[in-house]
Amino acid sequence: MSKNQIEIHIKVSSLDDDAAALLALESGLSKQIIKQAMNKGAVWLTRGKQTQRLRRAKRALKIGDELHLYYNQQVLAQEVENAELIADEGLYSLWYKPYGMLCQGSKWGDHTTINRYVETHLTPQRPAFIIHRLDRAATGLVLIGHSRQTTAALAKLFEQRSLDKYYQVIVEGQFSHNGTGESVTIDSEVDGKPARSHATLLKYDASQNRSLVQVKIETGRKHQIRIHMASIGHPVVGDRQHGIADDSEVNLQLTSCYLKFPCPITGKQREFELPQRLRPEL
């Protein structure tokens, strides 16, 4: 394993040194680099049957604990734009997720995830739990829970399809020759599973031969909107996986813009919209 990628597992047999010192000695990396890796979620502690990220070098260890270092220089060097708070509802909040920010970390780190960003930037500080996901390349509204009970209640709304979700995408070509306001339903399977999307033209730019389209999804299959739009000849601009974009193209033009759901705390219907400045524009 190269110096750029190191994986180490240590069983604690002495309490003379802290975690950073033990991992530095074993890996050949400096304590400062180990502490940076800790802060970015690349160090884990196993105690009994529980394994969790270890972020503080000074946390008291016990004999028999196991330390795990997953050091990947390339992962730890990654940077993303800041997320933006849209609404703080106490037990949950809504955020704008920028391009490149993840909704799930890995054993190699979690510093570029939306929930870690929320944990370290929301005031007052609260735990942050992922409720639903947006693709790394997609942008827009993400709902974050701040208690396990509220997170479970909100996740259930997604499972039961009790939320209204709207996305805006820029696609290639002139979508729906019948003009704006008429919805087109796409119900082709995604990965062998039923999937349904409703797409409506908002605006067409003849000079670019591109359309701004609003999409409401009834199901939440992976890459559903991207696959559905490509399937009818209107791939999403910037889609390098399912569309026609190459590396020189702009970022994926797919944004989650609107959420409506019954608040699990008050029972009242809540609506949240992304500001116009954060939406895709032709």
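Here are three short exercises, with worked solutions, on the pockets and one strand of this predicted model.

**Exercise 1.** Describe the largest pocket: how much space lies in it, and which residues line it?

*Solution.* Start with the volume: the largest pocket holds about 930 Å³ of space. Next, turn to its lining, which is made up of 35 residues. Nearest the centre you will find Arg133, Leu134, Gly220, Arg221 and Lys222. Then sort the lining by class: 14 residues are nonpolar, seven are polar and 14 are charged. Finally, look for the contributing elements; α5 (148–159), β9 (164–172), β12 (210–217) and α6 (224–231) each give at least two residues to this lining.

**Exercise 2.** Do the same for the second largest pocket, and find which elements give two or more residues to its lining.

*Solution.* The volume here is about 350 Å³. Its lining has 18 residues, and Arg53, Arg55, Asp110, Asn115 and Glu119 lie nearest the centre. The elements you are after are β3 (50–53), α4 (114–121) and β7 (129–130). By class, the count comes to five nonpolar, six polar and seven charged residues.

**Exercise 3.** Work out how β9 is placed: is it largely enclosed or open?

*Solution.* First, check the partners. β9 pairs with β13 (residues 254–262) in the antiparallel sense, over six bridges, and Lys165 has Leu259 of β13 as its bridge partner. β9 also runs antiparallel to β12, joined by seven bridges, with Val171 opposite Ser211 of β12. Now check burial, taking under 20% relative accessible area as buried. Seven of the nine residues of β9 are buried, so the strand is largely enclosed by the rest of the structure.

Key
Residues numbered from 1 in each chain as written. Predicted model: local features only at pLDDT ≥ 70, side-chain atom pairs only at ≥ 80, totals over all residues. Heavy atoms only, no water. 1 Å grid on protein atoms, 1.4 Å probe; cavity = no way out; pocket = protein on both sides within 12 Å on 5 of 7 lines; lining within 4 Å. Points joined across faces, edges and corners; volume = space filled by probe spheres on them. Helix = DSSP H or I, 4+ residues; strand = E, 2+ residues; numbered from the N terminus. Nonpolar A, V, L, I, M, F, W, Y, C, P; charged D, E, K, R; others polar. Buried < 20%, exposed > 50% of the residue type's maximum accessible area, 1.4 Å probe, protein only. Pairing = 2+ DSSP bridges.
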